[in-house]
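Colleague: I would like to go through some of the labels used for this structure. Please give me the reasoning behind each one.

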Amino acid sequence: MAVTGSNSEQPQFIASAGNRSFSSNAPLIENSDAQIVVPDRTSWKNFFAYLGPGFLVSIAYIDPGNFETDLQSGAEHKYELLWIILVASCAALIIQSMAANLGVVTGKHLAEHCRAEYPKVTNFILWVLAEISIVACDIPEVIGTAFALNMLFKIPLWIGVLLTGFSTLILLALQQYGVRKLEFLIAFLVLTIAACFFVELHYAKPDPKEVLKGLFVPQLKGSGATGLAISLLGAMVMPHNLFLHSALVLSRKIPRSVRGIREACSFYMMESGFALTVAFLINVSVISVSGTVCNSSNLNPEDQKSCEDLDLNKASFLLRNVLGSWSSKIFAVALLASGQSSTITGTYAGQYVMQGFLDLRLRPWLRNFLTRCLAIVPSLIVALIGGSAGAGRLIIIASMILSFELPFALVPLLKFTSSKTKMGIYVNSVGISAVTWIIGSLIMAINIYYLMTGFINLLLHNHLPLAAVVFLGIFGFSGLGVYLAGIAYLVFRKNKKATHLLSLTTPDCQQMAANEQSNGSMYCLRREDIVSMQLPQRRSAEDLE
């Protein structure tokens with residue numbers, strides 16, 4: 001297929017279902033590593049073409065922030081909160097599948113829908129909040145990687161924070177070899193994390209009956225159990241992950257028949273289920289190892305004190321003292337793999353957010369550099385002043401910010417996928433809509449409760465003058481009112497923009513299918529702007545002929 005121009009500037013994807021032409025300088029890649037073509041056939045083998053995005057998404061469920069919450073949960077309540085992980089994983093699968101369906105059906109990802117649907121001011125605010133959430137998600141990854149480098153090579157924490165930026169840029173350089181190879185890299189890192197914790201689990205030897213009881217018998221016993229349960233739930237669904245998943249699915253070129261779209265939605269759900277199951281098992285392993293080690297009968301007083309306030313850094317020393325030095329190294333390898341893979345996916349999420357909300361794209365290395373600088377600066381300051389303890393507290397603050405941000409990504413997703421004007425015949429059924437809104441409402445209510453109780457505790461337990469406490473209270477509750485008003489606006493605002501569905505259920509596409517019947521298949525218009533943004537292509541002279 002000929003390319004009509006070699007201009008490096010690639011325009012936005014603008015095309016209708018009834019017109020397959022692109023602008024004169026748009027890249028046309030018929031066979032490329034950047035785009036995976038799904039065969040137009042009914043076969044279970046098609047599943048392998050869809051395999052990949054789920055692993056990139058699953059990284060957010062096993063990042064260093066999740067590990068820290070898991071470690072604290074196991075140390076303080078043994079296996080009692082495992083059922084929270086099970087419930088949260090099931091909810092995450094439903095929500096992530098909805099994000100994938102939005103991209104598959106409409107050909108646009110969540111950020112692009114927000115730009116089309118909301119006024120400019122609302123769109124700008126949503127973009128700012130999305131960017132803040134990406135930076136907040138990046139902070140635990142930076143600190144987690146720095147901890148891992150310290151455990152493996154005795155590198156000081158502040159130097160490890162600086163090295164995380166360079167290491168991620170090196171890994172991002174691998175993207176030039178194609179989307180499939182990048183997905184394999186992320187899948188390898190996920191399986192590395194799983195292998196490390198399964199080995200830890202084997203040597204920790206938790207009681208299987210107690211683990212199963214913790215998984216299937218809900219209970220909240222002891223002080224702090226409710227707070228930790230809320231933290232576990234809040235850490236499971238990340239706002240940037242919803243933008244990421246809805247965009248990653250656009251890297252596949254799928255048949256645009258009703259069967260092809262339904263098959264894509266089904267296979268993406270299966271693929272996400274497989275990846276999230278691996279993430280679920282990793283989280284269960286972390287809690288089980290922590291619960292077994294911290295409730296061991298042969299702990300010395302120093303290790304018992306570590307278990308009272310367990311974080312990523314203390315966990316390394318604890319595992320070394322109880323299970324051996326090799327256990328600490330395995331934990332460090334898992335933490336390093338988690339931090340590096342999370343930063344890669346976070347960079348891509350940032351690219352999609354910027355392109356979707358602002359119609360603006362940056363080169364991945366530049367985007368990563370800017371995001372990493374915003375995450376490194378507070379991490380570096382805290383590491384220099386507060387050391388490992390301060391870095392651990394910064395992870396908790398970042399998790400609270402993510403909880404605050406979640407409704408501003410989750411509500412638009414629920415609204416769009418439940419809207420017939422956007423999803424057409426693929427809209428969520430009444431039952432699915434009811435379940436997802438209940439899940440979404442519970443997650444948002446839990447996060448709001450978590451934020452309110454944390455703020456009230458801050459007001460009640462501080463050493464500030466009374467006037468300062470009153471001022472903070474007025475300012476904080478006013479901000480909370482604005483926050484709740486913003487959520488209510490998103491919930492009750494009616495969708496006004498219809499999506500032009502690129503499927504054979506529309507007259508334009510039926511005509512297009514008739515015109516191309518001789519080709520034997522009908523594919524979607526390719527999102528080359530998404531693909532090229534994610535994976536810049538190395539174009540040779542042969543490609544341009």
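Colleague: Why are α12 and α14 called oblique to each other?

Modeller: This is a predicted model. In it, the axes of helix α12 (residues 258-294) and helix α14 (residues 312-323) cross at roughly 60°. Angles under 35 degrees count as roughly parallel and 65 to 115 as roughly perpendicular, with the rest between them oblique. The angle of roughly 60° fits neither of those two ranges, so α12 and α14 are oblique. Their axes come within 11 Å, and the crossing is left-handed.

Colleague: What makes α4 and α9 oblique to each other?

Modeller: Helix α4 (residues 82-106) and helix α9 (residues 208-216) pack at an angle of about 50°. That is not under 35 degrees, nor in the range 65 to 115, and therefore the pair counts as oblique. The axes of α4 and α9 are 6 Å apart, and α4 passes α9 in a right-handed crossing.

Colleague: How do you know that I385 counts as exposed?

Modeller: I385 has a relative accessibility of 72%. The cut-off for exposed is over 50%, so I385 counts as exposed. I385 lies in helix α16.

Colleague: What makes up the nonpolar patch on the surface?

Modeller: The patch is formed by W158, L162, V377, I381, L384 and I385, and together they have about 600 Å² of accessible area. Two elements, α7 (157-172) and α16 (364-405), give two or more residues to the patch.

Colleague: Which element gives the most to the nonpolar patch?

Modeller: That is α16, with 4 residues.

Note on methods: Residues numbered from 1 in each chain as written. Predicted model: local features only at pLDDT ≥ 70, side-chain atom pairs only at ≥ 80, totals over all residues. Heavy atoms only, no water. Patch = residues over 30% accessible without salt bridge, like charges linked within 9 Å, V, L, I, M, F, W, Y side chains within 5 Å. Areas by Shrake-Rupley, 256 points an atom, 1.4 Å probe, with all protein chains shown as cover. Salt bridge = Lys/Arg side-chain N within 4 Å of Asp/Glu carboxyl O. Buried < 20%, exposed > 50% of the residue type's maximum accessible area, 1.4 Å probe, protein only. Axes fitted to C-alpha atoms, helices over the stretch in contact; angles between N-to-C directions. Parallel < 35°, antiparallel > 145°, perpendicular 65-115°, else oblique. Left-handed = near helix turned anticlockwise from the far one by under 90°.
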